[in-house]
Amino acid sequence: MFELIASGGWLMIPIIGCSVLSLAICLERLWELRARKIAPPELMKNVWGWLKSGAMTAERMKEVKKGSPLGQIVVAGLNNARHGREIMKESIQEAASQVIHELERFLTALGTIAAIAPLLGLLGTVIGMIKVFTEIMIQGTGNAAVLAGGISEALITTASGLAVAIPTLIFHRHFQRKIDSLVVEMEQQAVKLVEAVHGERDVDHDN
């Protein structure tokens, strides 16, 4: 494996760096974007129960806010519930924007890796072919070993760049889709809370 990497030339260093960074980001996002961590299924039931019983204290509000991104959105709405339905919705939307920004953390870096990894591989291909033609000019076509080395370097870097870019792009799209789904779920829960607090609907915790 080391010989294969070494034969790819110095461009293998940034390509390997991209692969390590991509793996780290993917593992971190897989852990942080768990649905139960972002929007705990029991949260809204608990919050509504505390509101009806008058047990929603300031300390409990702090716990809810710290507990999950959905909790941050819920608390932002509850803090402004007394100002009316529209103000409550605006507060929820502002908090949701902050939450979405946090959920999308590192996705720009992941998309950048997916874009530049094949370009690094292509650059390696170009450099490898330049070496091949340079040797042809100097030695002619008689030294097959030198020519094979340049072609090998070109192919290895191209393959390595694609090997990093393809899974990175797949995970980037996966995380984007997952965030969209989580945001829709949180918006639905927040709307239910607004309407329930202002007496416009009953809360159904089974859906």
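In the predicted model, Ser91 is situated in helix 7, and because its relative accessible area is 10%, a value under the 20% limit, this residue counts as buried. When neighbours within four places in sequence are left aside, the contacts of Ser91 are with Ala76 and Asn80. Helix 7 itself spans residues 85-103 and is among the helices that each supply at least two residues to the largest nonpolar core.

That core comprises 34 residues, of which Ile73, Leu78, Leu103 and Met186 touch the most other members. Besides helix 7, the elements that each contribute at least two residues are helix 2 (12-32), helix 4 (43-53), helix 5 (58-67), helix 6 (69-79), helix 8 (107-139) and helix 9 (144-197), with helix 9 providing the largest share, namely eight residues. For Ile73, not counting residues up to four places away in sequence, the residues touched are Ile92, Ala95, Ala96, Val99, Met186 and Ala190. A second core, separate from the one just described, consists of ten residues and includes Leu11, Met12, Leu120 and Val164.

The packing of helix 2 against helix 8 was examined in terms of their axes. Two packed helices are described by the angle between their axes together with the distance between those axes. For helix 2 and helix 8, the axes come within 10 Å and cross at roughly 155 degrees; since angles over 145 degrees count as roughly antiparallel, the two helices are therefore assigned that relation to each other. The handedness of the crossing between helix 2 and helix 8 is left-handed. On the side of helix 2, the residues that meet helix 8 are Pro14, Ile15, Cys18, Leu21, Ser22, Ile25 and Cys26, and their counterparts in helix 8 are Ala109, Leu110, Ile113, Ile116, Leu120 and Gly121. Leu120, listed here among the helix 8 residues that meet helix 2, is also one of the members of the second core.

With regard to the protein chain as a whole, nine helices and zero strands are assigned, and the elements accordingly read α-α-α-α-α-α-α-α-α from the N terminus on. The chain has 207 residues, 34% of which are buried, and it exposes about 12,200 Å², with carbon and sulfur atoms supplying 62% of that area. Among the contacts between residues at least 6 apart in sequence, 75% join residues that are at least 24 apart.

Key:
Residues numbered from 1 in each chain as written. Predicted model: local features only at pLDDT ≥ 70, side-chain atom pairs only at ≥ 80, totals over all residues. Heavy atoms only, no water. Core = buried A, V, L, I, M, F, W, Y, C linked by side-chain atoms within 4.5 Å. Buried < 20%, exposed > 50% of the residue type's maximum accessible area, 1.4 Å probe, protein only. Helix = DSSP H or I, 4+ residues; strand = E, 2+ residues; numbered from the N terminus. Contact = heavy atoms within 4.5 Å. Areas by Shrake-Rupley, 256 points an atom, 1.4 Å probe, with all protein chains shown as cover. Axes fitted to C-alpha atoms, helices over the stretch in contact; angles between N-to-C directions. Parallel < 35°, antiparallel > 145°, perpendicular 65-115°, else oblique. Left-handed = near helix turned anticlockwise from the far one by under 90°.
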